[in-house]
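Work through these exercises with the coordinates open. Each task is followed by a worked solution.

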Amino acid sequence: MRFPSVAVALALATALAAAGCSDEPGASARVASATPAATSTPTASVTPSVSATPTPTPTPSAKPTTTTPPKDTRAGKQLATPYEVDGIIVVSKKHRISAGYGPPDPTGPYHLESAAARALAKMTAAARADGVRIRVHSGYRSWTTQNASYQKALRNYPQNISFYAPAGASEHQTGLAVDLWDGVTWSLPMARTATGKWLFRHAHEYGFVLRYPDGKTRITGYHYEPWHYRYIGKRDAMKFPNNKLTLEEYLGLA
Ligand SMILES: [Zn+2]
């Protein structure tokens with residue numbers, strides 16, 4: 001750990017594993033071989049334009065926001081109910097849930113919410129028909145599990161804490177998010193596997209969206225995660241065909 005680059009790589013590796021989503025032993029080691037830094041630069045395009053004419057913020061083409069989303073005024077016991085916009089649950093660093101919340105109808109080995117579990121089964125079968133293997137790296141995670149991982153990061157990698165999901169800020173607690181891979185290649189290189197590419201092209205057809213797209217860290221609060229897919233239902237997911245839109249933009253929360 002004497003060499004800063006090694007320290008940084010290790011810290012980042014652990015950070016990615018936790019924010020992201022991996023709890024499996026060995027995942028961090030695989031992350032270390034990645035070259036994650038290049039992909040997550042905060043985009044300059046977010047900077048407001050200096051031109052004299054006030055330009056309206058470009059709306060993501062998919063869904064012009066016609067209504068203002070409700071303010072998240074939940075506090076105390078109300079945090080047991082997740083924040084929703086247009087029937088879509090939003091859990092993030094800005095919209096948290098309390099410890100007792102979990103999927104109302106957990107299903108299968110990964111305790112995913114039943115609709116998400118069904119959609120995942122369909123998607124996995126479709127990929128298999130195309131000769132592509134999809135495996136689940138991580139499904140539902142409890143508040144307690146997330147908290148343990150976050151506290152560990154606070155102690156060991158405080159400089160990279162922004163990579164970690166604090167307890168209550170992880171979508172995995174809803175049972176609507178999954179981390180997917182091919183069972184071999186994890187972390188950022190996963191994006192270049194047949195599984196990563198297939199998901200990138202087809203996940204929306206099954207109701208899943210790439211939740212933390214590349215270059216959108218300032219909006220989502222999380223590093224680019226090519227493995228983290230969030231179930232929002234097919235009707236809405238079909239508006240995310242190129243994986244550039246974030247849920248925050250789509251719902252008018254960005
Ligand atoms: Zn994840």
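**Exercise 1. Two sides of α3**

Which residues are exposed on the other side of α3, away from its buried residues? Work on the predicted model.

*Solution.*
- Step 1. Size the helix. α3 has 16 residues and spans 23 Å from first C-alpha to last, close to the 22 Å expected at 1.5 Å a residue.
- Step 2. List what is buried. In α3 these are Ala116, Ala117, Ala119, Leu120, Met123 and Ala127.
- Step 3. Look down the axis. The buried residues cover an arc of only 165°, so they sit on the same side of α3.
- Step 4. Turn to the other side. There, Ala125, Arg128 and Ala129 are exposed.
- Step 5. Recall the helix geometry. An α-helix has 3.6 residues a turn, so residues three or four places apart point the same way.
- Step 6. Find the cover. The buried residues of α3 are covered by elements including β3, β4, β6 (177–181), α5 (194–202), β7 (208–210) and β8 (228–231).
- Step 7. Check what comes next. Gly131 follows α3 and has a positive phi, near 80°.

**Exercise 2. The nonpolar core**

Find which members of the largest nonpolar core touch the most other members, then trace the contacts of Phe208.

*Solution.*
- Step 1. The core holds 49 residues; Met123, Ala203, Phe208, Val209 and Tyr229 touch the most other members.
- Step 2. Ask which helix gives the most to this core. The answer is α3 (residues 114–129), with six residues.
- Step 3. Set aside neighbours of Phe208 within four places in sequence. Phe208 is then in contact with Ala119, Met123, Ala203, Tyr229, Arg230, Tyr231 and Ala237.
- Step 4. Place this against a general rule. In soluble globular proteins, nonpolar side chains tend to be buried together.

**Exercise 3. Helix α4 and Thr144**

Decide whether Thr144 is buried or exposed, and place it on its helix.

*Solution.*
- Step 1. Thr144 lies in helix α4. This helix covers residues 143–156, with 14 residues reaching 20 Å, close to the 20 Å expected.
- Step 2. The buried residues of α4 are Trp143, Gln146, Ser149, Tyr150 and Ala153. They fall within an arc of 135° seen down the axis, so they line one face of the helix.
- Step 3. Thr144 and Arg155 are exposed, on the other side of α4.
- Step 4. Count neighbours. Thr144 has 11 other C-beta atoms within 10 Å, and exposed means 12 or fewer, so Thr144 is exposed.
- Step 5. Measure one distance. Thr144 and Gln173 are 29 residues apart in sequence, and their C-alpha atoms are 9.7 Å apart.

**Exercise 4. Positive phi outside glycine**

Where do His111 and Asn243 lie, and what are their phi values?

*Solution.*
- Step 1. His111 is in the loop between β3 (106–107) and β4 (112–113). Its phi is positive, about 55°, although it is not a glycine.
- Step 2. His111 has 17 C-beta neighbours inside 10 Å, so it counts as partly exposed.
- Step 3. Asn243 is in the loop between α7 (234–237) and α8 (247–250). Its phi is positive too, about 60°, and it is not a glycine.
- Step 4. Asn243 has 18 other C-beta atoms within 10 Å, so it is partly exposed.

**Exercise 5. Confidence**

What is the mean pLDDT of the chain, and where does pLDDT stay under 50?

*Solution.*
- Step 1. The mean is 81, and 74% of residues reach 70 or more.
- Step 2. Residues 1–55 stay under 50; the model has 74 contacts beyond four places in sequence for them.

Key. Residues numbered from 1 in each chain as written. Helix = DSSP H or I, 4+ residues; strand = E, 2+ residues; numbered from the N terminus. Expected span 1.5 Å × (residues − 1). Buried ≥ 20, exposed ≤ 12 C-beta atoms within 10 Å, placed from the backbone. Arc of directions from axis to C-beta. Core = buried A, V, L, I, M, F, W, Y, C linked by C-beta atoms within 7 Å. Contact = placed C-beta atoms within 7 Å. pLDDT = per-residue confidence, 0-100.
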